[in-house]
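Got the model open in your viewer? Here is a tour, stop by stop, with what to select at each one.

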Amino acid sequence: MRLARRAAVAIAAGTLLTGLAVHGTATATAPHAGSPPDTLTVTDPAQADTLREAAASQGRFIGTALNDALLGDPAYTAIAGGEFSSVTAENAMKWGSLEPNRGQYNWAGADRLVEFAAAHDQQVYGHTLVWHSQLPGWVENGGFAPAELRQIVDDHIATVAGRYAGSIDRWDVLNEVFNEDGTFRDSVFYRAFGDRYIADAFRAAHAADPEAKLFINDYNTDGINAKSDGMYRLVSSLLAEGVPVHGVGFQSHMILGQMPSSYRANLQRFADLGLEVAVTELDIRMNTPADPARLDRQADQYRQVVGDCLAVSRCSGVTVWGISDRDSWIPDVFPGEGAANLYDDAYRPKPAYWAVLDAFGGAPGPDPTDPDPTDPGAPASCTAAYRVVNSWSGGSVVEVSVTTATALDGWQARFALPAGARVTNGWNAVFAAAGGAVTASHVDHNRVVPAGGTVSFGFQADTGAHATPAVALNGAECARS
Ligand code: G3I
């Protein structure tokens with residue numbers, strides 16, 4: 001059922017995409033996402049089989065950074081629309097994208113994103129009004145006197161936040177204003193105004209869009225440290241002054257194995273100020289190529305982040321920075337690292353995906369023995385041989401061969417391991433696990449299988465000799481051979 005519902009979402013999303021209008025001029029009317037509900041109603045979280053349903057069951061959003069240039073890709077679009085309840089523009093709402101020349105706005109990408117969100121009943125997280133980076137040269141190097149720069153900033157905020165007023169749930173009004181030691185970052189704005197520009201930007205954004213929740217966002221502020229202490233001092237003083245700041249975003253660009261131990265406590269101390277907190281740009285990178293053990297540890301870390309957000313009642317949700325590993329910014333910036341997101345290069349859900357779904361209380365991962373309920377009683381169209389070829393007290397090597405009666409273009413084989421057992425290493429398939437359920441998905445070289453053909457894959461598990469489980473191929477249980 002889960003696979004079938006995903007396919008249905010894909011078709012619906014693809015259909016909607018073709019109907020999108022794109023506005024490309026400064027005078028076009030801004031599209032409106034309306035006021036999407038903060039939560040969707042899912043009465044039984046265990047039935048939630050998308051991230052957004054599961055997150056909604058906990059009263060949270062689950063977001064992604066959307067690259068509007070990829071919306072022509074049906075796989076990307078189906079996941080973006082079907083799995084996430086909030087979208088953040090990865091680049092399209094940055095100053096350099098929107099106003100490359102003074103007063104000349106390019107709305108196409110941002111409009112497209114807002115239209116997409118409206119079509120998919122999603123919240124929009126605006127990113128970002130004032131940031132030292134991706135700032136057009138005319139602002140950065142204009143040599144403006146403070147009064148003129150003030151006007152320029154005010155105009156930009158009024159124009160952008162004003163255009164999308166009513167469509168944006170949260171705005172990153174400020175992004176990355178701190179140095180690592182908690183002092184203020186040197187920038188064209190800081191040089192002109194000192195830290196006063198921060199309060200001014202919040203006030204200008206509030207005037208332009210009184211409904212949006214206004215955030216300040218940063219990286220390396222995820223745990224309690226000098227930088228997050230600086231953020232804490234700043235937002236405390238802004239609140240004391242009556243500045244309209246409503247939330248703090250914790251980017252959470254993490255490294256595998258380096259989850260700050262004070263993550264939850266840090267979110268909580270900001271929440272205790274009465275602010276909303278959100279995980280705004282989550283990814284967990286590792287050295288590449290990934291392997292099953294690292295992907296499992298990554299899943300555990302994702303689960304921990306979601307759990308920490310859920311433990312803080314004012315944590316409104318979690319945005320993952322991109323959909324698949326292949327769309328991620330990381331390999332460009334950190335060569336040799338990547339595999340940081342919830343979907344792999346072929347848009348297949350990774351262990352991290354199932355961990356996030358599970359952490360939000362959603363349906364357990366793939367059930368290995370359930371035939372596809374949309375095709376009840378379908379005769380087995382495959383035979384499977386599951387052989388434990390070697391075993392010892394704490395491990396085993398397993399080979400699985402599946403022969404299909406019909407031709408396949410892409411496949412997933414599912415089976416169960418004994419409780420608590422994990423796949424530690426594998427070959428000729430990509431492995432994902434949730435609970436004891438394992439999904440082995442095709443790799444490029446064995447994606448296409450002719451009728452009567454056999455695919456074989458293998459893995460090492462951290463459990464000894466064990467009973468031979470049933471194997472299901474693309475949702476249909478195979479006869480044993
Ligand atoms: O659009 C141009 C294209 O025309 C040109 O041919 C190409 C050549 O390099 O560059 C393209 O622009 C790139 C842009 O992404 C769109 O793909 C920029 O070079 C590249 O620097 C930019 O990177 C973005 C980065 O922010 C810029 O700082 C990443 O996609 C984006 O994921 C990243 O996101 C940031 C958040 O906004 C703030 N927090 C950190 C996070 C990760 O760095």
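Start by selecting S252, which sits in the loop between strand 6 (247-250) and strand 7 (253-255). Helices (H or I, at least four residues) and strands (E, at least two) are DSSP runs, numbered from the N terminus. S252 has a positive phi of about 65 degrees, although this residue is not a glycine. At 0% relative accessibility, S252 counts as buried (buried is under 20% relative accessible area, exposed over 50%, partly exposed in between, with a 1.4 Å probe and protein chains only).

Before moving on, some housekeeping. This is a predicted model: local features need pLDDT of at least 70, side-chain atom pairs count only at pLDDT 80 or more, and totals for chains, interfaces and linings use all residues. Residues are numbered from 1 along each chain as its sequence is written, and side-chain values use heavy atoms, with hydrogens and water left out.

**More backbone oddities**

Next, pick A339, in the loop between strand 10 and helix 14 (351-359). A339 is not a glycine either, yet has a positive phi of about 50 degrees. With a relative accessible area of 12%, A339 is buried.

Now show the backbone at H127 and T128: a cis peptide bond joins them, with omega at about 5 degrees. T128 belongs to strand 3 (residues 123-131). Then jump to T288 and P289, also joined by a cis peptide bond, here with omega at about 0 degrees. You'll find P289 in the loop between strand 8 and helix 12.

**Salt bridges**

How many salt bridges does the structure hold? There are 22, where a salt bridge is a side-chain nitrogen of Lys or Arg within 4 Å of a carboxyl oxygen of Asp or Glu. Let's visit some of them.

Select R269 and D229, whose side chains meet in a salt bridge at 3.0 Å, N to O. This pair links distant parts of the chain: R269 is in helix 11 (residues 263-271) and D229 in helix 10 (residues 226-241), 40 residues apart. Is R269 buried or exposed? R269 is buried, with a relative accessible area of 19%, while D229 counts as partly exposed at 29% relative accessibility.

Stay with helix 11 and add D308 and R264 to the selection; their side chains meet in a salt bridge of 2.8 Å, N to O. D308 lies in helix 12 (residues 292-311) and R264 in helix 11, so the pair ties together parts that are 44 residues apart in sequence. D308 is buried, with a relative accessible area of 8%, whereas R264 is partly exposed, with 41%.

For a bridge between strands, select R285 and E337: their side chains meet at 3.1 Å, N to O. R285 is in strand 8 (residues 276-287) and E337 in strand 10 (residues 337-338), so to speak a link between distant parts of the chain, 52 residues apart. R285 counts as buried, at 8% relative accessibility.

Now select R150, D154, D200, R203 and E241 together, which are linked in a network of salt bridges. Keep R150, D154 and D200 highlighted for the next stop.

**Empty space inside**

Rolling a probe the size of a water molecule over the atoms shows where empty space is left. A search of the whole structure finds four cavities of 30 Å³ or more. Here a cavity is a set of points, on a 1 Å grid over the protein atoms alone, where a 1.4 Å probe fits but cannot get out; lining residues have an atom within 4 Å of a point. Grid points are joined across faces, edges and corners, and a volume is the space filled by probe spheres set on the points.

Which residues line the largest cavity? Select V130, R150, V153, D154, F189, F193, Y197, D200 and A201. Helix 7 (146-163), helix 8 (188-193) and helix 9 (196-208) are the elements that give two or more residues to this lining. About 70 Å³ of space lies inside. The lining residues divide into six nonpolar, no polar and three charged (Ala, Val, Leu, Ile, Met, Phe, Trp, Tyr, Cys and Pro count as nonpolar, Asp, Glu, Lys and Arg as charged, and the others, Gly among them, as polar).

**Zoom out**

Finally, clear the selection and take in the whole chain, with its 14 helices and 22 strands. Of the 481 residues, 54% count as buried. Residues 24 or more positions apart account for 77% of the contacts with a separation of 6 or more, a contact being heavy atoms within 4.5 Å. Switch on the surface to end: the chain exposes about 18,300 Å², and carbon and sulfur atoms supply 51% of it (areas come from the Shrake-Rupley method with a 1.4 Å probe; for residues, only the protein chains shown count as cover).

Conventions: 1 Å grid on protein atoms, 1.4 Å probe; cavity = no way out; pocket = protein on both sides within 12 Å on 5 of 7 lines; lining within 4 Å.
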